[in-house]
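User: I should like to go through the assignments made for this structure and see the reasoning behind each of them.

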Amino acid sequence: MVIKTLHDVLSEADIIIAHNGDKFDSKKFNTRAIAYGLPPIEPKKSVDTLKIARRRFAFTSNKLSYLAKFLGVESKDESPDWDKVLAGDEQELRYMRQYNRKEVNVS
């Protein structure tokens with residue numbers, strides 16, 4: 001199960017790096033975790049690249065896709081259909097894996 005595997009990985013992490021992870025991703029993930037009977041991830045040290053972009057620079061936009069283009073990094077694709085991912089749709093799961101690998105490299 002995707003949620004259980006990610007829960008295990010995040011639970012073991014010392015630092016979590018994400019773009020808007022503090023405000024969005026961590027809260028969404030913890031909500032999904034409890035829906036599957038898993039405890040929320042304990043607070044971790046985080047590096048939120050959105051916060052860094054806002055605090056240290058004056059980009060025209062702080063969206064990850066804009067920053068990637070500005071910095072000459074391959075931009076992220078459209079998000080997967082998360083309902084299909086959670087339902088176990090094989091094609092959407094393959095796309096999600098590709099999307100996530102690319103997003104990790106962009107972040």
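User: What makes the contact of Lys 4 with Asp 8 a salt bridge?

Analyst: In this predicted model, the closest N and O atoms of Lys 4 and Asp 8 are 2.8 Å apart. The criterion asks for a side-chain nitrogen of Lys or Arg within 4 Å of a carboxyl oxygen of Asp or Glu. The pair meets it, so the contact is called a salt bridge.

User: Where do Lys 4 and Asp 8 lie?

Analyst: Both belong to helix H1 (residues 2–12), four residues apart, which is about one turn of the helix.

User: Why is Lys 4 called partly exposed, and why is Asp 8?

Analyst: Lys 4 has a relative accessible area of 37%, and Asp 8 has 35%. Buried means under 20% and exposed means over 50%. Both values fall in between, so each residue counts as partly exposed.

User: How many salt bridges does a search of the whole structure find?

Analyst: The search finds two. Besides the pair in helix H1, the side chains of Lys 51 and Asp 22 meet at 2.8 Å, N to O. Lys 51 lies in helix H3 (residues 49–56) and Asp 22 in helix H2, so this pair ties together parts that are 29 residues apart in sequence.

User: What makes Lys 51 and Asp 22 partly exposed?

Analyst: The relative accessibility is 43% for Lys 51 and 26% for Asp 22. Neither value is under 20% or over 50%, and therefore both residues are partly exposed.

User: Which residues form the negative surface patch, and what makes it negative?

Analyst: The patch is formed by Asp 81, Asp 83, Asp 89 and Glu 90. Asp and Glu count as negative, so the patch is given that sign. Asp 89 is placed in the loop between helix H5 (82–86) and helix H6 (90–106). Its relative accessible area is 32%; patch members need over 30%, and therefore Asp 89 passes that cut-off.

User: Which residues make the nonpolar surface patch, and how do you know that Leu 86 is accessible enough to belong to it?

Analyst: Met 1, Tyr 36 and Leu 86 make this patch of about 280 Å². Leu 86, in helix H5, has a relative accessible area of 31%. This is over the 30% required, so Leu 86 qualifies on that count.

User: What is notable about the phi of Asn 20, and why is Asn 20 called partly exposed?

Analyst: Asn 20 has a positive phi of about 70° although it is not a glycine. Asn 20 sits in the loop between strand S1 (15–18) and helix H2 (21–35). Its relative accessibility is 24%, between the limits of 20% and 50%, so Asn 20 is classed as partly exposed.

Technical notes. Residues are numbered from 1 along each chain as its sequence is written. This is a predicted model: local features need pLDDT of at least 70, side-chain atom pairs count only at pLDDT 80 or more; totals for chains, interfaces and linings use all residues. Side-chain values use heavy atoms; hydrogens and water are left out. Patches are made of residues with over 30% relative accessible area and no salt bridge: like charges are joined within 9 Å, nonpolar side chains (Val, Leu, Ile, Met, Phe, Trp, Tyr) within 5 Å. Accessible areas come from the Shrake-Rupley method with a 1.4 Å probe; for residues, only the protein chains shown count as cover. The place of a charge is taken as NZ of Lys, CZ of Arg, CG of Asp or CD of Glu. Helices (H or I, at least four residues) and strands (E, at least two) are DSSP runs, numbered from the N terminus. Buried means under 20% relative accessible area, exposed over 50%, partly exposed in between (1.4 Å probe, protein chains only).
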